[in-house]
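Please look over the sequence and the structure shown here before reading the report that accompanies them.

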Amino acid sequence: MFNYFITIHNSETHLNFVLDGLFKCSSDLDRVWCILDGCTDGSKEIVKDYGLQYIELKDVRETRAITYALKNIPLSEYNVILQDDVVI
């Protein structure tokens, strides 16, 4: 089982491509965690449309968002950190 952590900051224009690509490569046992980092666009609504778990932070920027996620989300054997512009 994999945990996928995606840090998201105002990426509504391409977030659908990122999530669609990830779901094509993942299994039903994998978990996707979205860390919304001070988003002011429609990114949160896209994440909700996919029914994903998310954490909303107030503009802490990527490095601190990843640190927060790793400290507060149960880790699995395999943990993958992705940026919001990585299409798999």
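## Basis and strand pairing

Two strands are taken to pair if DSSP finds at least two bridges between them. With that criterion in mind, 6 bridges join strand 1 to strand 2, and these two strands run parallel. The model described here is a predicted one.

Within the pairing of strand 1 and strand 2, N3 stands opposite R31 of strand 2. On to the next pair, strand 2, which covers residues 31-37, is joined to strand 3 by 5 bridges, again with the strands running parallel. In this second pairing W33 stands opposite Q53 of strand 3.

## The sheet and its helix

Taken together, 4 strands form an open sheet, whose order is 3-2-1-4 and whose pairing is parallel. Strand 3 (53-57) and strand 4 (78-83) stand at the edges, and because each has a single partner strand, one side of each is left without a neighbour in the sheet. From one strand to the next, the twist averages 20 degrees.

Helix 1, made of residues 15-25, packs on this sheet and touches strand 1 (2-8), strand 2 and strand 4, while its direction makes about 175 degrees with that of strand 1. As for strand 2, 6 of its 7 residues are buried, so this strand is largely enclosed by the rest of the structure.

## Two loop residues

D30 lies in the loop between helix 1 and strand 2. The relative accessible area of D30 is 15%, and because buried means under 20%, D30 is counted as buried. If neighbours within four places in sequence are left aside, D30 is in contact with M1, F2 and Y4. With I88, D30 makes a pair that is 58 residues apart in sequence and 15 Å apart in space, taken from C-alpha to C-alpha.

N10 belongs to another loop, the one between strand 1 and helix 1. Its phi is near 50 degrees, which is a positive value in a residue other than glycine. With a relative accessibility of 31%, N10 counts as partly exposed.

## The salt bridge

How many salt bridges does a search of the whole structure find? The search finds 1, and a salt bridge is formed by E56 with K44, whose closest N and O atoms are 2.9 Å apart. Since E56 lies in strand 3 and K44 in helix 2 (residues 43-49), the pair ties together parts that are 12 residues apart in sequence.

Both partners can also be described by their accessibility: E56 is partly exposed, with a relative accessible area of 47%, and K44 is likewise partly exposed, with a relative accessible area of 22%.

## A nonpolar surface patch

L70, L75 and I81 make a nonpolar surface patch of about 250 Å². One of these residues, I81, is found in strand 4, a strand that stands at an edge of the sheet and has a single partner strand. I81 has a relative accessibility of 39% and therefore counts as partly exposed, given that this class lies between the limits of 20% and 50%.

Methods
Residues are numbered from 1 along each chain as its sequence is written. This is a predicted model: local features need pLDDT of at least 70, side-chain atom pairs count only at pLDDT 80 or more; totals for chains, interfaces and linings use all residues. Side-chain values use heavy atoms; hydrogens and water are left out. Axes are lines fitted to C-alpha atoms, for helices over the stretch in contact, and angles run from 0 to 180 degrees between N-to-C directions. Contact means heavy atoms within 4.5 Å. Patches are made of residues with over 30% relative accessible area and no salt bridge: like charges are joined within 9 Å, nonpolar side chains (Val, Leu, Ile, Met, Phe, Trp, Tyr) within 5 Å. Accessible areas come from the Shrake-Rupley method with a 1.4 Å probe; for residues, only the protein chains shown count as cover. A salt bridge is a side-chain nitrogen of Lys or Arg within 4 Å of a carboxyl oxygen of Asp or Glu. Buried means under 20% relative accessible area, exposed over 50%, partly exposed in between (1.4 Å probe, protein chains only).
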